[in-house]
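Visitor: I'd like a close look at how the inside of this one is put together. Please start with the main core, then pick one helix and take me around it.

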Amino acid sequence: MKYMGDYADNSTVRIFFTTSNGSGGAVAPSTAFEAADIVIYKNNSATQKATSNGITMTSPFDSVTGLHLVEIDCSNDTGDAGFWATGNDYSVVLSPDETVDSQTVVAAIAQFSIENRVVSAVSGNVAGIAGTITTLDGLNNFDPASDTVANVTTVGSVTGAVGSVTAPVTTDSASRTASQADVSALATSAALATAQTDLDTLTGTDGVTLATSQPNYAPNTTTPPTAAAVADAVWDEARSAHTTAGSFGEGVKVESLNTQAKADVNAEADTAISDASLATAAALSTAQADLDTLTGTDGVTLATSQPNYAPNTTTPPTAAAIRAEVDSNSTQLAAIVADTNELQTDLVNGGRLDLILDSILAALDDPRGEPGGGAPPVNPDAMTKLDYLYKAWRNKKEQTSSAFSLYDDAGTTVDHQATVSDDGTTATFGEIGASS
């Protein structure tokens, strides 16, 4: 396990590590490592960092087999409040769910601390000092403008890699008083802020536009005119003030449009009208007269004397004439009305046609009983005839050399019989009658 060093609070720690087989050769894990494969312990506590927030794993690193990089952001406390703190040591352990060379591995790969190492003395040549010294010889946040120190000694010179200081630094009361006065003369933050506001007023927040019309570059405090006000002032400017030949102001004066310019404009207009072949006033007047003849000045009445537009000049029949023509044939209409009324009476519920239709429907729809025994009637109604045909088709029948028998619905009683004979030439089937 390697010690990475003592880090400032909220630093990012980067740890490279490798994986190898039993012979020491570089080998990749069964699958790439991930942030969840890293376990971090604080000091000697057996409580692990609760989440993998702030941990980034690059596996493999730079596509190099067996080389991996884990980065730990010590400023990320999400889900791990209080875990990262100054004055503590941290151990980083690889405990993956992957295997290396088919072996389960656990390896302590690095240790680091956060502001947990103190340098009590420095001697010899110092090549460089980095960081911030917050406490020196009992002094904390020393302010030379207001603080005094009694136990600071004079430094005669410092030599070595840091260079050379040859002038002594004195700490007598008079020198400190003078230094305090010098510091007090420095601008305060509030004064600098005020100056910055004034500068923004002079130059604008883009640092470009300067106020040029005020003494000592003081900004114009008058509300600037609007675009509409500027435009009005331009157009309201007297023409007499614009006399410089060749200027735009002189050129747009009405007085500058002389007679020749007007003639040129009229000539151009006449040419444009001629080229367009526009109708003359006389031609439009003639067209309007023709239109009035066709439609009338109100645009409604059509002319009756013009070919292709002449309407039917025969006077159309009046409504009274139409009614008289209909009345002259009222006998036929009355007969139609009478027949229609009779049909309406017959078709109402309970009317003659309604009853006839109901009886027909009843005969067709209602169930009917089977005809009884005995000889069928000579001339029954159509439905009775259908009943006998259905019975003869449906019920039990017997045929002997001398008789035909038709049974009832139960098939136990002969309801009808007919005699049968055959002389070898003619077979005779007698009339159906009652059973004998």
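Guide: Happy to. The largest nonpolar core holds 24 residues, and the ones touching the most other members are Ile38, Ile40, Val70, Ile72, Trp84, Ile109 and Phe112. Strands supply much of the cast: β2 (12–18), β3 (38–42), β4 (55–58), β5 (67–73), β6 (88–94) and β9 (107–114) each give two or more residues to this core. The top contributor is β9, with four. Keep in mind that this is a predicted model.

Zoom in on Ile109 for a moment. Setting aside residues up to four places away in sequence, Ile109 touches Met1, Lys2, Ile15, Phe17, Ile38, Val70, Val92, Val93 and Leu94. Two of those partners, Ile38 and Val70, are also on the list of residues that touch the most other core members.

Now step back for some context. The protein chain has 10 helices and 16 strands. Buried residues account for 18% of its 436 residues. Its accessible surface comes to about 31,000 Å², with 56% of that belonging to carbon and sulfur atoms. As for contacts between residues at least 6 apart in sequence, 46% of them join residues at least 24 apart.

For the helix, let's go to α10, which covers residues 382–394. Right at its start, a side-chain oxygen of Asp381 comes within 3.0 Å of the backbone nitrogen of Met383. The length of α10 checks out too: at 1.5 Å a residue, its 13 residues should span 18 Å, and the end C-alpha atoms are indeed 18 Å apart.

Which residues of α10 are buried? They are Thr384, Asp387, Tyr388 and Lys391. Looking down the axis of α10, you'd find these buried residues within an arc of 95°, so they line one face of the helix. That face packs against β13 (403–407) and β14 (414–422), through the buried residues of α10. Swing round to the other side of α10 and you meet Ala382, Leu389, Tyr390 and Trp393, which are exposed.

One residue on the buried face is worth a pause: Asp387. With a relative accessible area of 16%, Asp387 counts as buried, because the cut-off is under 20%. And what is Asp387 in contact with, leaving aside its neighbours within four places in sequence? The answer is Arg368, Gly369 and Pro371.

Technical notes. Residues numbered from 1 in each chain as written. Predicted model: local features only at pLDDT ≥ 70, side-chain atom pairs only at ≥ 80, totals over all residues. Heavy atoms only, no water. Buried < 20%, exposed > 50% of the residue type's maximum accessible area, 1.4 Å probe, protein only. Contact = heavy atoms within 4.5 Å. Areas by Shrake-Rupley, 256 points an atom, 1.4 Å probe, with all protein chains shown as cover. Core = buried A, V, L, I, M, F, W, Y, C linked by side-chain atoms within 4.5 Å. Expected span 1.5 Å × (residues − 1). Arc of directions from axis to C-beta. Polar contact = N/O pair within 3.5 Å; in protein donor to acceptor, adjacent residues only side chain to side chain.
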